[in-house]
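Hi,

Here is the structure I said I'd pass on to you. Have a look at it first, and then read on for what turned up.

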Amino acid sequence: MCGIVGFTGKTSCCEFLLKGLSALEYRGYDSAGIAAVQADGFAVRKAVGRIDQLREEVEKNPISGVCGIGHTRWATHGKPSLENCHPHFDIDRRIALVHNGIIENYAELKAQLMEKGVSFVSETDTEVVAQLLAVHYENDMKTTLLKVLGMLKGSFALVILDRCAPDTLYCARSHSPLVIGVGQGCHYVASDVCALLEYTRNVYLPEDGDIAVVTPGSTVFYGLDGKERKRVNVTISWDTSAAQKNGFDHFMLKEICEQPQVIADTLAHYIDSADYTIRREHMPFTPEQAKQLKELTIAACGTAYHAGCMGKALIEQFAGVRTDACVASEYRYQTVVEQERNPEGHVFLAVSQSGETADTLAALRKAKQLGMRALAFSNVIGASIAREADTVMYTLAGPEIAVASTKAYLTQVLLFEILALDLAHLRGKISDEELKDALKTLMSLPRQIQSILNQRAIVEDFARANRACHDIFFIGRLMDYTTSLESALKLKEVSYLHSEAYPAGELKHGTIALIDERTLVAAIATQPQILEKTLSNMQEVKARGAYLLLIGTPPQTPIEGCTVWPIEDAPWYTAPLLATVYAQLFAYYTARQHGCDIDKPRNLAKSVTVE
Ligand code: G6P
């Protein structure tokens, strides 16, 4: 969703602001703007649409200034328009600011300001903050900010310019991410680290409730009590090339193709290949805790939720621990049952690539309030979810730029494989030898994924041949059903085609009515114990004229006219990951056939930081 950048230094801020915003494009946005402090006031450029349009505006009317802010807006309060586009100002244009998040009590605050005669130019909640700061201005911006923050309800990351302090960025965060990068005689601010990678990897990660006063030479942190706080800068290991396309046409394809590497990196972090053991220091349960574990609740959104569903199957089957996978936006409002009030042995686990998804964060907070121990999977070090969890397991996927999640999903499922095996071993469900064999199997994944990637031309040809299909159903049972859910989501996200997932046995209870000769039915069939059942369901849809695709174990008796993308030599617990790679490629090549904006699909945001 919205993106923030800021710069203060001795050189022009414009280049960084535009480049930084481009690096944040992947988050999703519909308008963009920048403002810089100049001798005669703020210079402002805005554009509805893409950053390229903003760049053209700046080329037509260049701006100078060594201290500035920028923003990509994903419309919430008011349509995408120049008026609603950030930065926003107070009436006298003494203050400019950009904001991520939502000010929940903005209507009430706006009404109070209007009673005082303040007029507004936009429909946004953000403008209210700019006007509030001006109305309550006292001594300096830091003092004023402390006062105004107490009036705001909701989530926000704010970066503010005050013409009275022309080289200073005032930052505040509450439940919305912000990073501050340290440069040579300058400082950078951004809502996520991808905007900074080309400039610095030395960053501060402000905490909730922090105010940061950023000048070219220093960053000083304060708490809401106005007292100075000590914050330590950290070095981010992601490199610049990880956030660039490196010759690929799209980030999505690049990220699909990076999977052998990121799976290998994640395996190396958690598994010692010298003796095929799990590195205990990276695991969240001690042997004692593993034995006492009675129940696990997983909460997540979107693709991460599907990883959670995989986690449920893996943990229940390997470790025998009752596990629930919940959509975080539902979990946060669900009735608390008696059992949860006494959470002894009940552990919560949030799964999130960005570590910033608002609903997942709220679910984690609810679980903590209930007294549960809260674990998290996160791909981003220092993200809110990672910080608030009691223990974090990191996926080592590197920056994921394409909106549709691919490599993060595979690494999340891999963490569940490792966690499930570890729990099973610690609880005495599998022997040392069985654990070693399973870990060796996981170690084959990078090679197996690579061999699927090597055949991607076959998937591309199939997508081309079936480009006329308007309805695509994915069917499967058990873990194959979860892979179907993820396959259907991937396809609809990037190609905008109607695609749905059904448990294979459920199809005939209604949905089979939709099957005709323009429908493609893709069966995921990797689970040996129910293979025959899914094959029978394929016969049923074939009889009704559907095109057929099978991803999984090739049937002993071929089904006439059915394309098969084979998965061989993979047990029940790794085959679903391999099936997912085929489905990711299918989604990508289908979207290409339809000329879609693959990395930035319409209406979608990479990081959903509002409810
Ligand atoms: C958005 C993204 C999805 C992602 C979901 C959860 O919808 O477009 O790709 O799966 O958010 O994001 P998270 O960062 O929590 O994994």
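Let's start in the middle: what covers the buried residues of H12? One thing to keep in mind as you look is that this is a predicted model. The cover includes two helices, H10 (328–331) and H13 (384–388), along with the strands S18 (295–300), S20 (346–352) and S21 (373–378).

H12 itself runs over residues 358–369. Of its 12 residues, 9 are buried, so the helix is mostly covered, taking buried to mean under 20% relative accessible area. At the start of the helix you'll find Ala-358, Asp-359, Thr-360 and Leu-361 among the buried ones. Further along, Ala-362, Ala-363, Leu-364, Lys-366 and Ala-367 are buried too.

You can also check the length of H12 yourself. With 1.5 Å for each residue, a helix of 12 residues should span 16 Å, and the end C-alpha atoms are indeed 16 Å apart, so the two values agree. After the helix comes Gly-371, which has a positive phi, near 95°.

Next, the active site. The UniProt record, an unreviewed entry, lists Cys-2 and Lys-606 under "active site". These two are spread over 605 residues of sequence, yet they cluster in space, with a largest C-alpha distance of 9.7 Å. Cys-2 is also part of the lining of the largest cavity.

Where do you find each of them along the chain? Cys-2 is in the segment before strand S1 (3–8), and Lys-606 is in the segment after helix H20 (575–593). Cys-2 counts as buried because its relative accessibility is 13%. Lys-606, at 12%, counts as buried as well. If you leave out residues up to four places away in sequence, Cys-2 touches Arg-27, Gly-28, His-71, Thr-72, Arg-73, Trp-74, Asn-100 and Ser-191.

The same unreviewed UniProt entry gives residues 2–217 as "domain: Glutamine amidotransferase type-2". In the model, that span is 23% helix and 32% strand, and its end C-alpha atoms lie 27 Å apart.

Now for a pair of helices. Two packed helices are described by the angle between their axes and the distance between those axes. For H14 (residues 407–426) and H15 (residues 432–443), the angle is about 175° and the axes are 10 Å apart. That angle is over 145 degrees, so H14 is roughly antiparallel to H15. Which residues meet where they pack? From H14 there are Leu-414, Glu-417, Ile-418, Leu-421 and His-425, and from H15 there are Asp-432, Leu-435, Ala-438, Leu-439 and Leu-442.

Last, two loop residues to look up. His-250 is in the loop between strand S15 (234–235) and helix H6 (251–257). Is His-250 buried or exposed? Its relative accessibility is 18%, so it counts as buried. Residues up to four places away aside, His-250 touches Lys-245, Tyr-588, Arg-592, Ile-598 and Asp-599.

Gln-556 is in the loop between strand S26 (547–552) and strand S27 (562–566). With a relative accessible area of 81%, Gln-556 is exposed. Gln-556 and Glu-532 are 24 residues apart in sequence, and their C-alpha atoms are 10.0 Å apart in space.

Cheers

Definitions and conventions. Residues are numbered from 1 along each chain as its sequence is written. This is a predicted model: local features need pLDDT of at least 70, side-chain atom pairs count only at pLDDT 80 or more; totals for chains, interfaces and linings use all residues. Side-chain values use heavy atoms; hydrogens and water are left out. Helices (H or I, at least four residues) and strands (E, at least two) are DSSP runs, numbered from the N terminus. The expected span of a helix is 1.5 Å times one less than its number of residues. Buried means under 20% relative accessible area, exposed over 50%, partly exposed in between (1.4 Å probe, protein chains only). Contact means heavy atoms within 4.5 Å. UniProt positions are given in the numbering used here, feature names are shortened, and annotations may be inferred rather than shown by experiment. On a 1 Å grid over the protein atoms alone, a cavity is a set of points where a 1.4 Å probe fits but cannot get out, and a pocket is an open set with protein on both sides within 12 Å along at least five of seven lines; lining residues have an atom within 4 Å of a point. Axes are lines fitted to C-alpha atoms, for helices over the stretch in contact, and angles run from 0 to 180 degrees between N-to-C directions. Angles under 35 degrees count as roughly parallel, over 145 as roughly antiparallel, 65 to 115 as roughly perpendicular and the rest as oblique.
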